Each structure stands twice: as structure tokens, then as C-alpha cells.
Amino acid sequence: MNMLTVSLFSSLKDITQAIERAQAASPLAAGKVTLLAASKGQPVEALQEAMEAGITDFGENRVQEAAQKWPSLREQAAIRLHLIGPLQSNKSRDALDLFDVIQTLDRKKLAEELAKHWNAQSRCRSFFVQVNTGREPQKAGILPEEADDFIRYCMQDLGLPVAGLMCIPPHDMPAAPHFALLRQIAARHGLKELSMGMSEDFETAVRMGSSCVRIGRALFGEFSRG
Ligand SMILES: *Cc1c(COP(=O)(O)O)cnc(C)c1O
């Protein structure tokens, strides 16, 4: 084993144990929590190590980067690829062919474009609506007060299979109220999946019902990003 393998194995073990402890500590916790490796900027070798360590879910932020890295990698093991970065509507078709899950559905024009191209042959099988819980102008996501109408529009009018919600809370604030808000909105629509929690706050997220934590730095290391 090289150094990378050793450190990835040990950080994965630490994270998995922390998730299990958080699950055991809270009645709100989901029965199953997916650990998604946020792999933006990671070289192919790091992704191979992560796959060998047993990670099955990966999140990429850019369509183009994913298109370069993943088609050959995914022949090596059964993995699920998630889009966790903003999607331009003109890249909808590419994204539907490349990703198993698109977690960043956040506006009408994009939803309409995805609905136009999504069909039984698409690799993409489910969508998450991203909610801008902190109402940050620079951040993607539908505003909380528009989320109910938007979710209904995506599911009922467009027939998109929305499985859950995703959020990225503001950096400089406690994350718990944001996770609680996401959970509330999801409950109104009977949505089971909650993609919330990153390296800094995944234990809080799991305690509050996250079913998918997106971990980058705690898994791959602080300085390893290209
Ligand atoms: C990079 C990224 C993550 C992982 O962040 P870390 O703080 O490195 O764990 C999670 N979600 C999204 C949308 C990201 O872009």
C-alpha cells in the first residue's frame, strides 16, 4: 500500500464510525446514510483508491470534468455518479447521460430542459432539488419560499422523479437550522432523501436525518485538491 491508500483507508474508517455514532445517537437519523465522496479536482488515482476502499457514490461539480474522468473508471466497478455542482441548461443532455443522480435541480428553465431530454435510456434515474436555505445571492438553489411550488412543478407538471432535497448551508453560520428547514420542506412533499452534510458538519447532518453526506476534504485530505 502506498501513503495515499493508507490515509484514505483510515479517514474512511473514521468517517464511517462517526456516521454510525451519529445515527445511534439520534431518533431523527436515517436508517441508511450514503457516504458520497466529493471528488472534484481529485486525480484518477485517488478515485481508484477510493473505489478500492469500497466507496460506491461519487459527486462531481462539473459536467466536463466528470466526462473526462469517469467513463473509463466506471467500467472498473459499479458506482453511482452524482452531479453536485450547478448545471447550465445547455448541458442537460450530457448530464443526463453521465450522472446517475442530479442533485442540483434548482430552477424552472433547467427543469424544463431536463424534462425535455429525460427518458428511459437516460442514465440519470433521480433528481434532488437544491434549496438555497441561507438565501445567499451568490449561491445556487431555489429560495425556500419558492421551493414548494417548484417541487410540485417538477414532480407533477414535468413528471421528473424527484427523490429528495439538497442544501449547502452558509459557511459562517450554524448548519443545524438549515438542515432542519430542508427536512421540513422535504416532509411536506413526502420526500425521503436529504443530501446534507459536508466535512465540517456531517455528524450534525446525520443526527438531523441526512441520507447522503458529501465529503471531500475529510476523506481525501485538505491539500490534495488539484
Ligand atoms: C466540494 C463539495 C463538497 C465537499 O466539501 P468538503 O468540505 O470538502 O467536505 C460537498 N458538496 C458540494 C456541493 C461540494 O462542492
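The side chain of Ser210 has a polar atom 3.2 Å from the backbone oxygen of Cys212. This distance, like the others in this report, comes from a predicted model.

**Ser210 and its surroundings**

Ser210 sits in a loop, with helix H8 (202-207) on one side of that loop and strand S8 (212-215) on the other. Its relative accessible area is 0%. Because buried means under 20% relative accessible area, Ser210 counts as buried. Leaving out residues up to four places away in sequence, Ser210 touches Ala30, Val33, Leu194, Met196 and Ala205.

**Phe202 in helix H8**

Helix H8 also contains Phe202. Is Phe202 buried or exposed? With a relative accessibility of 6%, Phe202 is buried, since the cut-off for that class is under 20%. Apart from neighbours within four places in sequence, Phe202 is in contact with Ile15, Ala18, Ile19, Gly197, Val213 and Ile215. Ala175 lies 27 residues from Phe202 along the chain, and the C-alpha atoms of the two are 9.6 Å apart.

**The ligand**

Twelve residues surround the ligand. The closest of them are Lys40, Asn61, Ser199, Gly216 and Arg217. The table lists polar contacts between protein and ligand.

| Residue | Protein atom | Ligand atom | Distance |
|---|---|---|---|
| Lys40 | polar side-chain atom | oxygen | 2.8 Å |
| Arg214 | side-chain N or O atom | nitrogen | 2.9 Å |
| Gly216 | backbone N or O atom | oxygen | 2.8 Å |

Lys40 thus reaches a ligand oxygen atom through its side chain, whereas Gly216 does so through a backbone atom. The side chain of Arg214 is paired with a nitrogen atom of the ligand.

**The largest pocket**

The largest pocket holds about 600 Å³ of space. It is lined by 24 residues, and those closest to its centre are Ile168, His171, Met198, Arg214 and Arg217. By residue class, the lining consists of eleven nonpolar, six polar and seven charged residues. Two residues named for the pocket also appear in the account of the ligand. Arg217 is among the residues closest to the pocket centre and among those closest to the ligand. Arg214, also close to the pocket centre, makes the 2.9 Å side-chain contact with the ligand nitrogen.

**Helix H2**

Helix H2 spans residues 44-52, and its buried residues include Ala46, Leu47, Glu49, Ala50 and Met51. Gly54 follows just after H2 and has a positive phi of about 105 degrees.

Notes: Residues are numbered from 1 along each chain as its sequence is written. This is a predicted model: local features need pLDDT of at least 70, side-chain atom pairs count only at pLDDT 80 or more; totals for chains, interfaces and linings use all residues. Side-chain values use heavy atoms; hydrogens and water are left out. On a 1 Å grid over the protein atoms alone, a cavity is a set of points where a 1.4 Å probe fits but cannot get out, and a pocket is an open set with protein on both sides within 12 Å along at least five of seven lines; lining residues have an atom within 4 Å of a point. Grid points are joined across faces, edges and corners, and a volume is the space filled by probe spheres set on the points. Ala, Val, Leu, Ile, Met, Phe, Trp, Tyr, Cys and Pro count as nonpolar, Asp, Glu, Lys and Arg as charged, and the others, Gly among them, as polar. Helices (H or I, at least four residues) and strands (E, at least two) are DSSP runs, numbered from the N terminus. Buried means under 20% relative accessible area, exposed over 50%, partly exposed in between (1.4 Å probe, protein chains only). A polar contact is a pair of N or O atoms within 3.5 Å; within protein, one must be able to donate a hydrogen and the other to accept it, and residues adjacent in sequence count only if both atoms are side-chain atoms. Contact means heavy atoms within 4.5 Å. A residue is near a molecule or strand if one of its heavy atoms lies within 4 Å of it.
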